[in-house]
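User: I have a model open and want a quick tour. Can you walk me through it?
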Amino acid sequence: MTDRLDLHTADAPWLRTLVDRIRAARADGNEEEAARLEAYGHAEGSEALSRMLTQILGLLDARDQAVARGEEMEPFLVSAAEEGQLVCDFCTAANPTVYYPVTEFTIQAPGGGFLSGDRFYACPRCRELIDAGDWKGLRTWIGPAQFGLGHRLLLMGFKQHRAGAPVEFEPGTNPESGR
Ligand SMILES: [Zn+2]
């Protein structure tokens with residue numbers, strides 16, 4: 001086992017590979033290796049990636065326990081945003097200024113189903129591209145390294161489930177509070 005993944009944190013499969021390795025180490029009873037990989041993930045990943053690592057590991061444990069009880073777990077919501085903070089759902093930039101209502105949908109992934117939520121927040125740049133219908137421009141803006149399968153499914157789902165015009169809100173306010 002190398003000390004690092006052979007992937008950069010900006011590579012789309014970075015998080016997925018790390019989660020797989022941590023879970024494989026735990027399945028082998030190698031808690032030390034699992035803990036080392038987890039610490040590496042928190043040290044190397046951005047704040048958002050670090051939060052998502054914690055969320056995904058917790059959710060997968062919960063799913064395993066549900067499966068062990070013979071139950072199926074409900075699809076879950078994973079977010080790069082900190083509690084009470086908003087990020088652009090497309091490029092994860094801070095301070096989105098608008099949201100697009102969507103009918104909630106589920107993305108099926110190997111780890112389970114992920115819920116889309118019923119609002120897609122966008123920063124000014126992503127909004128501009130979305131409103132222009134410039135999907136190619138949006139993919140370029142998100143960056144080819146970040147634009148993996150998850151992003152493709154998310155964009156496809158967004159296009160299919162959009163429910164109305166973008167809703168603007170005051171910068172610095174959080175339309176999620178009090179929902
Ligand atoms: Zn954005």
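Analyst: Here is a short run through the fold, the metal site, a loop and some helices.

Analyst: First, the ground rules. This is a predicted model, where local features need pLDDT of at least 70, side-chain atom pairs count only at pLDDT 80 or more, and totals for chains, interfaces and linings use all residues. Residues are numbered from 1 along each chain as its sequence is written, and side-chain values use heavy atoms, with hydrogens and water left out.

User: How many helices and strands are in the protein?
Analyst: Six helices and five strands. Both are DSSP runs numbered from the N terminus: H or I of at least four residues for helices, E of at least two for strands. Along the sequence the pattern reads α-α-α-β-β-β-β-α-α-α-β.

User: What share of the residues counts as buried?
Analyst: 37% of the 179 residues. Buried means under 20% relative accessible area, exposed over 50%, and partly exposed in between, with a 1.4 Å probe and protein chains only.

User: And what share of contacts comes from residues 24 or more positions apart?
Analyst: 64% of the contacts with a separation of 6 or more. Contact means heavy atoms within 4.5 Å.

User: Now the metal. Which residues coordinate the zinc ion?
Analyst: C88, C91, C123 and C126, each through SG, at 2.3 Å. Donors are N, O and S atoms within 2.8 Å of the metal (3.2 Å for Na, K and Ca); water is not among the atoms, so sites may look incomplete. The donor spacing in sequence is C-x2-C-x31-C-x2-C.

User: What arrangement do the four donor atoms make?
Analyst: Tetrahedral, because the donor atoms subtend angles of 106 to 117° around the zinc ion. Four donors count as tetrahedral if all angles lie between 85 and 135 degrees. The ideal angle for four tetrahedral donors is 109.5 degrees.

User: Is C123 buried or exposed? Same question for C126.
Analyst: C123 is buried, at 4% relative accessible area. C126 is buried too, at 0%.

User: What does T97 touch?
Analyst: Leaving out residues up to four places away in sequence, T97 touches A122, C123, P124, V167, E168 and F169. So one of the zinc donors, C123, is among its contacts. T97 sits in the loop between α3 and β1 (98–101) and is partly exposed, at 23%.

User: Which residues in that loop have positive phi?
Analyst: T92 and N95 are among them. T92 has phi near 65°, N95 near 60°, and neither is a glycine. T92 lies in the loop between α3 and β1, as does N95. T92 is partly exposed at 46%, while N95 is exposed at 60%.

User: Switching to helices. How do α2 and α3 cross?
Analyst: The axes of α2 (residues 31–44) and α3 (residues 47–68) come within 8 Å and cross at roughly 145°. Axes are lines fitted to C-alpha atoms, for helices over the stretch in contact, with angles from 0 to 180 degrees between N-to-C directions.

User: Which residues meet there?
Analyst: E38, G41 and H42 from α2 meet S50, L53, T54 and L57 from α3.

User: Last one. Which residues of α5 are buried?
Analyst: In α5 (residues 135–142), W135, G137, L138 and I142 are buried. They line one face of the helix, because they fall within an arc of 155° seen down its axis. The arc is that of the directions from the helix axis to the C-beta atoms. K136 and T140 are exposed on the face turned away from that buried side. G143 follows α5, with a positive phi near 100°.

Methods. Tetrahedral: all angles 85-135°; square planar, octahedral: opposite > 155°, others 65-115°.
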